[in-house]
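Biologist: I'm new to this one, so could you pick a single part and take me through it slowly? I'd like a close look at one residue and the elements around it.

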Amino acid sequence: MAAKMAKFLWSTSLRSHRPFLGFLFKKCHSNATRQFPAILSSAHLSSLSTKPVSKNQDSEPEIQNPPATNNLDLQNNDENPMTLKSRLMRIVTEEDDTFQMPTAADINQSQSAFDDQLASKFVNCMMWDGKKSTSQRIFDQALEIIKRNQLRVQRKSSDPDSVVTDPVAVFHQAIENVKPIVGCIPLRRAGKVHQVPSPLRPVRRQFFAIQWIIDAARKKTGSKNDRMSEKLAKELLDAYNNEGAAIRKKQDLHKTADANRAFAHYRWW
């Protein structure tokens, strides 16, 4: 209906207003109340009523003008097309101030309730030789071990409500605890290479946290029968409690940046 009305207006009085017709066409399809096809239909019928009937004038009844819609006066057919355009535009803007055009979803978003971008990134970073299924299985088993451990701690705790038993929440908190704030950038000044402290971007902070946890889990010593999932679960729990090798790497980086704070002004040279 909207396409037919826009085509009619294009062929008659609003031929020169191409941007406005395109805007009306989009609004007719996007508005849920479908009020604009009625407005355009009234304009179409009012314009037809002024045209002389060439055939069968006695048999065919004359089309009557419908009542004005939304205070739009279309009885004067000699009206300037720009005036009609301004009135239609006023109705569109007044009735649809709060309307927002729907946009397409992000390509990285998923409709699954179990989708987690940070977990997917962690699995991809832990993957070796393209064996993503193996990496995913290790990560799932680590979450199961974390769940059992937290339930055991909750049963023994005097305040069970304070213990977090959601393994995904524990994983996210462990990543947040390991993220560094500042790092050191090597810059050459006066023939010497200085470690200049500089704040890290969010993507870089996340990369360091994921890489340190994975490396600490792989290098974790223990029984020869310990699996990677058990080592990863222990390292995530240590990071959740602000302990472990990954937390020590973060602290060492912060100490290095603090020791070289005298060269911080080199960032702006």
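Modeller: Here is a walk around Lys-179 and the helices beside it, then a stop at another helix pair. Keep in mind that this is a predicted model.

Start with the loop that runs between helix H7 (167-178) and strand E1 (182-189), because that is where Lys-179 lies. Is Lys-179 buried or exposed? Its relative accessible area is 14%, and anything under 20% counts as buried, so Lys-179 is buried. Its side chain has a partner too: a polar contact of 3.1 Å links it to the side chain of Glu-176. Leaving aside residues up to four places away in sequence, Lys-179 touches Arg-205, Gln-206, Ala-209 and Lys-250.

Ala-209 turns up again when you look at how H7 packs on helix H8 (residues 202-218). The axes of H7 and H8 are 8 Å apart, at an angle of about 105°, which means H7 is roughly perpendicular to H8. On the H7 side you'll find Ala-174, Ile-175 and Val-178, and they meet Ala-209, Ile-210, Trp-212 and Ile-213 of H8. Sorted by class, that contact has 7 nonpolar residues, no polar and no charged.

Now for the other pair. Helix H5 (residues 117-126) and helix H6 (residues 132-156) have axes that come within 9 Å and cross at roughly 120°, so H5 is oblique to H6. Their crossing is right-handed. Among the H5 residues meeting H6 are Phe-122 and Met-126, while the H6 side includes Ile-138 and Phe-139. The mix here is 6 nonpolar, 3 polar and 1 charged residues.

How values were computed:
Residues numbered from 1 in each chain as written. Predicted model: local features only at pLDDT ≥ 70, side-chain atom pairs only at ≥ 80, totals over all residues. Heavy atoms only, no water. Axes fitted to C-alpha atoms, helices over the stretch in contact; angles between N-to-C directions. Helix = DSSP H or I, 4+ residues; strand = E, 2+ residues; numbered from the N terminus. Parallel < 35°, antiparallel > 145°, perpendicular 65-115°, else oblique. Left-handed = near helix turned anticlockwise from the far one by under 90°. Contact = heavy atoms within 4.5 Å. Nonpolar A, V, L, I, M, F, W, Y, C, P; charged D, E, K, R; others polar. Buried < 20%, exposed > 50% of the residue type's maximum accessible area, 1.4 Å probe, protein only. Polar contact = N/O pair within 3.5 Å; in protein donor to acceptor, adjacent residues only side chain to side chain.
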